[in-house]
Amino acid sequence: MCYVVAEEEEASVSISNSVIATDGAPAIPSRKVAVLSKRQRKIRSALVAYSFIAPNFIGFAVFTLGPILFAFVLAFMHWDGSNAITFAGLDNFWRLFDDKAFIAAFWNTVIYTVASVPATLICALGLAVLLNQKIAGRDFFRTAMFFPYVASLVAVAVVWNMIFNPEMGPVNMILYTLGLDPKNMPGWAADRHWAMVTVILFGIWKNMGYYMVIYLAGLQGINSELYEAADLDGANSWQKFIHVTVPQLGPTTFFVTVMLTIQSFKVFDQIYMITQGGPGTSTLVLVYHIYNEAFISWDLGYSSMVALVLFFLVLAVTVFQFRRQREDGE
């Protein structure tokens with residue numbers, strides 16, 4: 001009797017594994033049913049994932065990707081924002097070479113980048129190494145160094161202008177106390193020869209705290225055994241810094257360099273708050289020139305062409321940095 005029951009159960013299992021029949025419908029293999037149900041679960045999971053991504057992607061497409069593509073097209077058009085858009089061809093591009101303001105803005109942007117990027121990197125690294133030591137008040141100094149980055153730009157710029165005021169600023173007062181002739185006092189933001197220096201110093205002071213935090217995170221990832229091995233070899237503090245700390249911070253330094261370069265090429269806010277591109281064109285940069293052409297002169301086509309040049313300039317520098325990093329890694 002048991003053998004009969006077992007045979008019937010095996011027969012039923014084999015039948016259920018082979019076909020699934022419905023009334024009036026052809027038999028469907030159970031393996032296909034399993035595949036279909038698995039595929040449906042994958043589709044359902046994908047739809048759920050896309051439903052979470054969709055709001056952010058739609059916002060990005062409408063407010064970022066769409067304007068970027070429109071600016072690319074507008075670079076080859078004439079448009080003042082009110083009249084009809086007309087095709088300009090390469091007129092806006094050839095106009096760049098005759099625009100003295102664009103040429104000045106281009107070189108000022110390069111000068112600002114070349115001066116501020118390495119200086120900010122060195123200051124941030126130095127602060128990170130110093131504040132990574134066990135010193136009294138370490139947390140306070142970390143917060144104080146990071147504060148300018150998160151503080152209101154308007155408030156920080158006002159304080160900076162007061163500190164570097166040519167007549168009553170404490171910086172010139174100190175220089176006068178040290179014996180500098182008042183006739184030779186730097187005019188800082190009011191002097192075309194010192195305005196760019198003022199802006200660069202402001203940028204270094206404001207941004208070094210943020211990149212200090214990034215370097216601090218990188219320092220935490222260095223294996224302490226490397227320093228112990230260096231101590232056994234008789235290395236001093238400077239040798240440990242050069243041969244252990246700097247190489248181990250290579251990926252962090254690369255990230256900081258790329259971010260600082262991009263940030264320097266698109267600098268605008270501090271220029272607007274401190275000098276407005278002046279005196280003359282001494283601190284005029286590309287993004288501020290784009291702002292002037294787009295929202296002061298309302299030449300939207302030409303401003304888009306300047307933006308296109310800036311885009312390819314940043315892209316070329318970034319690609320070059322990535323290739324150098326890849327070559328150094330190999």
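Asp-231 counts as partly exposed, at 43% relative accessibility. In this predicted model, its carboxylate pairs up with Lys-240 in a salt bridge, N to O at 2.9 Å. The lysine end is the buried one, as Lys-240 has a relative accessible area of 18%, which puts it under the 20% cut-off.

That pair is one of three salt bridges in the structure. Arg-95, Glu-293 and Asp-299 are joined into one network by bridges that share partners. Arg-95 and Glu-293 meet through their side chains at 3.9 Å, N to O. This pair links distant parts of the chain, with Arg-95 in helix α3 (residues 91-95) and Glu-293 in helix α13, 198 residues apart. Arg-95 also forms a salt bridge with Asp-299, where the closest N and O atoms are 2.5 Å apart. Asp-299 sits in the loop between α13 and α14 and Arg-95 in helix α3, so this pair ties together parts that are 204 residues apart in sequence. As for exposure, Arg-95 is partly exposed at 35% relative accessibility, whereas Glu-293 is buried at 11% and Asp-299 is buried at 17%.

Stepping back to the overall fold, the protein comes to 14 helices and four strands. Of its 330 residues, 32% count as buried. Among contacts with a separation of 6 or more, 62% come from residues 24 or more positions apart.

Now for the nonpolar interior. The largest nonpolar core has 44 residues, and Tyr-215, Val-256, Leu-286, Val-306 and Leu-310 have the most contacts inside it. Two or more residues each come from α4 (100-131), α8 (195-220), α11 (250-265), α13 (286-296) and α14 (300-329). The top contributor is α8, with eleven residues. A second, separate core has nine residues, including Ala-157, Phe-164, Trp-188 and Phe-202. Back in the largest core, one of the residues with the most contacts is Leu-310. Leaving aside residues up to four places away in sequence, Leu-310 touches Phe-265, Leu-286, Val-287 and Ile-290.

Not everything nonpolar is tucked away, though. A surface patch of nonpolar residues, among them Val-48, Tyr-50, Phe-52, Phe-57, Phe-60 and Leu-69, has about 1200 Å² of accessible area together. Val-48 belongs to helix α2 (residues 30-74) and is partly exposed, with a relative accessible area of 42%. In soluble globular proteins, by contrast, nonpolar side chains tend to be buried together. Over the whole protein, about 20900 Å² is exposed, and carbon and sulfur atoms supply 67% of it.

Definitions and conventions
Residues numbered from 1 in each chain as written. Predicted model: local features only at pLDDT ≥ 70, side-chain atom pairs only at ≥ 80, totals over all residues. Heavy atoms only, no water. Patch = residues over 30% accessible without salt bridge, like charges linked within 9 Å, V, L, I, M, F, W, Y side chains within 5 Å. Areas by Shrake-Rupley, 256 points an atom, 1.4 Å probe, with all protein chains shown as cover. Salt bridge = Lys/Arg side-chain N within 4 Å of Asp/Glu carboxyl O. Buried < 20%, exposed > 50% of the residue type's maximum accessible area, 1.4 Å probe, protein only. Contact = heavy atoms within 4.5 Å. Core = buried A, V, L, I, M, F, W, Y, C linked by side-chain atoms within 4.5 Å.
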